[in-house]
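Me: Please look closely at one part of this model, the packing of one helix pair. Then set that part beside the cores and one further site.

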Amino acid sequence: MSQDALKVAAAERALTFVEPGMSLGLGTGSTTAKFVEALGRKVAAGLDVTCVATSEATEAQARSLGIRMSTLEETPFLDLVIDGADEIDGNLRLIKGGGGALLREKIVATTSARMIVIADASKKVDTLGAFPLPLEVVSFGLTATQNMITALAGDVGCEGEIRLRLRPDGQPLLTDGGNLILDCHFGRIEEPEELDEALKLIPGVIENGLFLGIADLAIIAGDDGISIIGSEDDDFDE
Ligand code: 5RP
């Protein structure tokens, strides 16, 4: 199966968790886009849901499909968020932010009763870190922030190049919130919780792409079918 078809398969399984009347968070990225497409078809057929997007791109896609959109101000508690990931380990720990939306994604995920991650099998890893860890940072004091990241990440065994993410035209990429992204090429992150704690100490780092203890379920589509990490039976209210 093509990678695209695997993304569709994961997205369609996620749709089975959506119930009428739910408030949904919509993630960002090519896998989530498949979910939004499928959700749009259900909405056109009469499904009643209210959604909050994690990026301007997802917002535009969902609106174009006639999905009713809200904001976190109007709808501050969500039943379920569906989002993709750049890496998923066996303990439902994630790296996210490949699409530059990690801050809004984390805000939406943490105000949702449940987070379901959808991905093709290439995203499943034993140890996080082969995918460069994205950090959303403020532009003020960028070099000082970068130096602090090097020092504090180094203290917890994470070393590697830190690169400012650029757009194709060579200019710094700005997030939907107007911030910058630093991609940290640490390689293996043996202790993600320790790295997360260290990064939280740095004032210029607004948020990092480690999602720890946030996802409840991962739906991973591979050539041999769908595999699930987490329990499909968990109650939404837990
Ligand atoms: C965006 C994200 C995406 O969920 C992640 O990059 C996966 O994207 P894709 O489904 O295109 O592989 O975290 O910030």
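Reply: A crossing is called right-handed if the near helix is turned clockwise from the far one by less than a right angle, and left-handed if anticlockwise. In this predicted model, α2 passes α3 in a right-handed crossing. Helix α2 covers residues 30-44 and helix α3 covers residues 56-64; their axes are 9 Å apart and meet at an angle of about 20°. Angles under 35 degrees count as roughly parallel, so α2 is roughly parallel to α3. On the α2 side the contact is made by A33, V36 and E37, and on the α3 side by T58, Q61 and A62. Sorted by class, these are 3 nonpolar, 2 polar and 1 charged residues.

Helix α2 also has a part in the largest nonpolar core, to which it supplies at least two residues. This core has 29 residues, and V18, F35, L39, V49 and I118 have the most contacts inside it. Other elements that each supply at least two residues include α1 (3-15), β1 (23-26), β6 (112-120) and β12 (217-222). Beyond its neighbours within four places in sequence, V18 is in contact with F35 and L39, and also with L24, L47, V49 and L80. A second core, separate from this one, has 22 residues, among them A153, I162, L180 and V205.

The further site is D196, which lies in helix α6 (residues 192-200). D196 has 9% relative accessibility and therefore counts as buried. With neighbours within four places in sequence left aside, D196 is in contact with K106, N208, L210 and L212.

Notes
Residues are numbered from 1 along each chain as its sequence is written. This is a predicted model: local features need pLDDT of at least 70, side-chain atom pairs count only at pLDDT 80 or more; totals for chains, interfaces and linings use all residues. Side-chain values use heavy atoms; hydrogens and water are left out. Axes are lines fitted to C-alpha atoms, for helices over the stretch in contact, and angles run from 0 to 180 degrees between N-to-C directions. Helices (H or I, at least four residues) and strands (E, at least two) are DSSP runs, numbered from the N terminus. Angles under 35 degrees count as roughly parallel, over 145 as roughly antiparallel, 65 to 115 as roughly perpendicular and the rest as oblique. Contact means heavy atoms within 4.5 Å. Ala, Val, Leu, Ile, Met, Phe, Trp, Tyr, Cys and Pro count as nonpolar, Asp, Glu, Lys and Arg as charged, and the others, Gly among them, as polar. A nonpolar core is a set of buried Ala, Val, Leu, Ile, Met, Phe, Trp, Tyr and Cys residues joined through side-chain atoms within 4.5 Å. Buried means under 20% relative accessible area, exposed over 50%, partly exposed in between (1.4 Å probe, protein chains only).
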